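Here is my note on the model you sent round. The points are short and can be checked one by one against the coordinates.

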Amino acid sequence: MIKSKLSERDICTKYITPAISDAGWDIQKQVREEVSFTDGRIYVRGHLTARGKRKRADYILYYKPNIPIAIIEAKDNKHTIGAGMQQALEYASILDIPCVFSSNGDGFIFHDRTSTDNIEKKLNNSQFPSPQELWEKYKQYKGIETPGQEKIASQDYFFDGSGKSPRYYQQIAINRTVEAISQSHNRILLVMATGTGKTYTAFQIVYRLWKSNTKKRILFLADRTALIDQTRRNDFKHFKDKMTVVQNRKAEKAYEIYLALYQGLTGNDEAKNIYRQFSPEFFDLIVVDECHRGSAADDSAWRQVLEYYSRATHIGLTATPKETRDVSNIEYFGDPIYTYSLRQGINDGFLAPYRVVRIGIDIDLEGWRPPVGFLDKKGNPVEDRIYNRTDFDRNIVVDERRELVAQKVTEFLNGTDRFSKSIIFCQDIEHADGMRGELVNANSDLVKENHKYIMKITGDDKEGKRELDNFTDPEQRYPVIATTSKLMNTGIDAQTCKLIVLDSNIKSMTEFKQIIGRGTRINEEYGKRYFTILDFRNVTDLFSDSDFDGDPVHIKPVSQDDDISDIESEEENDDTPVIDGEDGEEITDFEDLSGENIDTPDYPEIPEGPFNEPGISEGSAKIYVNGVDVSVLNSREMYFDIDGKPITASLKDYTRQQILNEYSSLDDFLKKWSSSEKKEAIITEFQEQGILVDELLQAVNRECDLFDIICHVAYDMPPLTRKERANNVKKRNYFTKYGDGARKVLEALLDKYADEGVLHIEDIKILKVNPFDQFGSPMEIIKEFGKKTDYLKAVNELEKQIYIIEAA
């Protein structure tokens, strides 16, 4: 056996795995091979999506399940023993693993992230460390010093036999929190983007601390009924009869896990402050869900609850920590022990990317001044001043503006899917009610079939709130469109929401992130891989803020005459192959696990809309007018770089710089292009580098190949269309060396390239469609060339002919 001729997988099987086993590792329980720890970013092209590459570790070694302590990157024997180290270190940093190895089968390079000198050393195969040796390294890395700390940090996770296990970032958040508490840290902040499973993470933390007897009575605090509802029914259900929901202002002291609303614990008079019925030492752990809201403020009534139980450990959970002059999560909880951002979630493929369509309305952008003597709908004179975006639907209501917004939303849904779950975020409750009416009129056919097609779901509307679970349940068709103000901007698990409409003057980055988070969940079963934002108020200017870390895939402005029903399909080709790489039923009551039904606590939700704000009242605040000419204006198209920030240069200048950063000369680019066996791979690489492939083709010339567009934009080469390149190949009589059958196939492939591009001719499935099906079955066609490898070689040679650069 010649070692240098073995594949990487053979090296693993014959050398690396035996070395690990001989060191005392349980291969079945402590060793995982070829571990994909991300799902691969989702790329959007029209209505179609494709997954990018997953991050995959060759080996991850665990002291116990979900406590990873070492990572190994393997290479074949043609590589040096340390060739995989840089990649292994990158993955170790992402996965929070201290012990890093690289191997080619001859031995190991061991990189010790706990060491300050002699960080790397070479080991032969018989010297691979034992589990206990690496566990001692892990304890050093994590600051675990005493047997008591070790007992807590090594407590088992909860497993229910379903196969569900934490994603890598949840695992890090759980382990870091448990380890910090084992070391007597009492204020902990976890920042995790919406849709990344904060409640599941909290459950595993609570379970491990409870099971190890570190924390015996635990309080989970939230400020909305829906959050308590989801927590009790889903992740925390495994606590069974050990858990209760605090309700009816009664302090039941026989339980160990308590779920409660702040509003259910506090009140305007002392009799309603039932949290004082428990002693200050009763709870030893408090988990604060969505801690960016009321509990962060020093003077809030809810903060009194936390201060009363100040001896307990407090864990804050949020997607958007709040930092203002008056409110600070970090001042109270300290710096986040772990952060998993929206951008990370999108890049890892765990969160859905989004498209943005910006729609600028003339009276918003230019302002509106009523003509002399203009009267409102009640016949009262309208104050003579200029009204702008901040006024509309807050101080003054223009019927035609609302009608236009409803028209554009309906137009979009008509061109995509009229049953895509959609949320319309409005200025306040009155605005949400008015938009519901306008959308009903614009979609009268579907409303006639079911009046719940469009529902107002706000804090004041019991009928609407009863439909909230149906809206978020993927299996329930209705409601489809929800108009809201504040109620749905956080804590709502809307897995299949495909459209978010912004028609509210949102200036808070915290609120903006929470709203974007309504659409970021992925549900493959129901076809939800990305979502669209329709922005009528330029709220997406917040993408430019340094505090925002999301990454939109596309932003497109719209003018008055633009039909947005095909806003997505204009960028797709229906024949393009697609590359493929959280549930709830309606609840109206809380059900006690002892079998008794518990009425849902009817505590007030977060105040919604300006009706609750000083100086604004529902009856008299707004002026209602009609007879105003309203239209959509042109606005500039915006693109975003790989970091999610707006591109200020032109698209061409931005692309030129990105290409030149990678390929300083035309020769460098040509070598890369020609050496790539499949052009699909290099196009995907361009996308991962932040080059906006589809937008570039749209902006320059859809009839040209991406190859020509890049040569033109980056290196000033004159671009050829695909048809011109195909004709150049035909002029060379290149096909004469093939037999008649093979020649016909290659000519058809060339025509297919001219019509649709290079990606199609690289996919062998193309042999099943017209006109190739007229030449025989795929196997019969391949026989015209010999073997499958001969066919693929012929296609590769055809591509080389296509991309020959003619002498000037």
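1. Arg358 sits in strand 16 (residues 354-361). This is a predicted model, so read each value below as computed from predicted coordinates. Is Arg358 buried or exposed? Its relative accessibility is 7%, and because the cut-off for buried is under 20%, Arg358 counts as buried.

2. Which side chains does Arg358 meet through polar contacts? One is Thr540, with a side-chain contact of 3.4 Å. Another is Asp541, where the polar contact between side chains is 3.0 Å.

3. Strand 14 (residues 313-318) is worth a look for its burial. Six of its six residues are buried, so the strand is largely enclosed by the rest of the structure. Both faces are covered. Thr313, Ile315 and Leu317 are buried on one side. His314, Gly316 and Thr318 are buried on the other.

4. Next, the pairing of strand 14. Strand 9 (residues 187-192) runs parallel to strand 14 and is joined to it by five bridges. Strand 13 (residues 285-288) is also parallel to strand 14, with four bridges. Which residue of strand 14 is the bridge partner of Leu189? It is Gly316. Gly316 is the bridge partner of Val288 too.

5. Helix 13 (residues 399-415) has 17 residues. From first C-alpha to last, helix 13 reaches 25 Å, close to the 24 Å expected at 1.5 Å a residue. Helix 13 is mostly covered, with twelve of the 17 residues buried. The buried set includes charged names as well as nonpolar ones: among them are Asp399, Arg401, Arg402, Lys408 and Glu411, alongside Leu404, Val405, Phe412 and Leu413.

6. Now the nonpolar cores. The largest holds 55 residues. Which of its members touch the most others? They are Ile71, Tyr168, Phe236 and Phe239. Helix 5 (residues 168-182) gives the most to this core, with eight residues. Apart from this core lies another, of 51 residues, including Ile682, Leu697, Ala726 and Ile781.

7. Phe236 deserves its own entry. Leaving aside neighbours within four places in sequence, Phe236 is in contact with Thr199, Ala202, Phe203, Val206 and Phe220. The list goes on with Thr231, Met243, Ile257 and Leu259.

8. Aromatic pairs: the structure holds 51. Phe101 and Phe128 form one that is tilted, at 4.6 Å centre to centre and 40° between the planes. Phe101 lies in strand 6 (residues 99-103), and Phe128 in the loop between strand 8 (120-123) and helix 3 (131-142), so the pair ties together parts 27 residues apart in sequence. Both ends are buried: Phe101 has 0% relative accessibility, and Phe128 has a relative accessible area of 4%.

9. Why is the pair of Tyr168 and Tyr340 edge-to-face? The ring planes are at 85°, and over 60 degrees counts as edge-to-face; the centres are 6.1 Å apart. The pair links distant parts of the chain, with Tyr168 in helix 5 and Tyr340 in strand 15 (residues 338-340), 172 residues apart. Tyr168 and Tyr340 are both buried. Tyr168 is also one of the core members named in point 6.

10. Last, a cluster of rings. Ring pairs link Tyr255, Tyr258, Tyr275 and Phe278 with Phe282, Phe283, Tyr308 and Tyr309.

Key
Residues numbered from 1 in each chain as written. Predicted model: local features only at pLDDT ≥ 70, side-chain atom pairs only at ≥ 80, totals over all residues. Heavy atoms only, no water. Buried < 20%, exposed > 50% of the residue type's maximum accessible area, 1.4 Å probe, protein only. Helix = DSSP H or I, 4+ residues; strand = E, 2+ residues; numbered from the N terminus. Pairing = 2+ DSSP bridges. Polar contact = N/O pair within 3.5 Å; in protein donor to acceptor, adjacent residues only side chain to side chain. Expected span 1.5 Å × (residues − 1). Core = buried A, V, L, I, M, F, W, Y, C linked by side-chain atoms within 4.5 Å. Contact = heavy atoms within 4.5 Å. Phe/Tyr/Trp six-rings, centres within 6.5 Å; stacked < 30°, edge-to-face > 60°.
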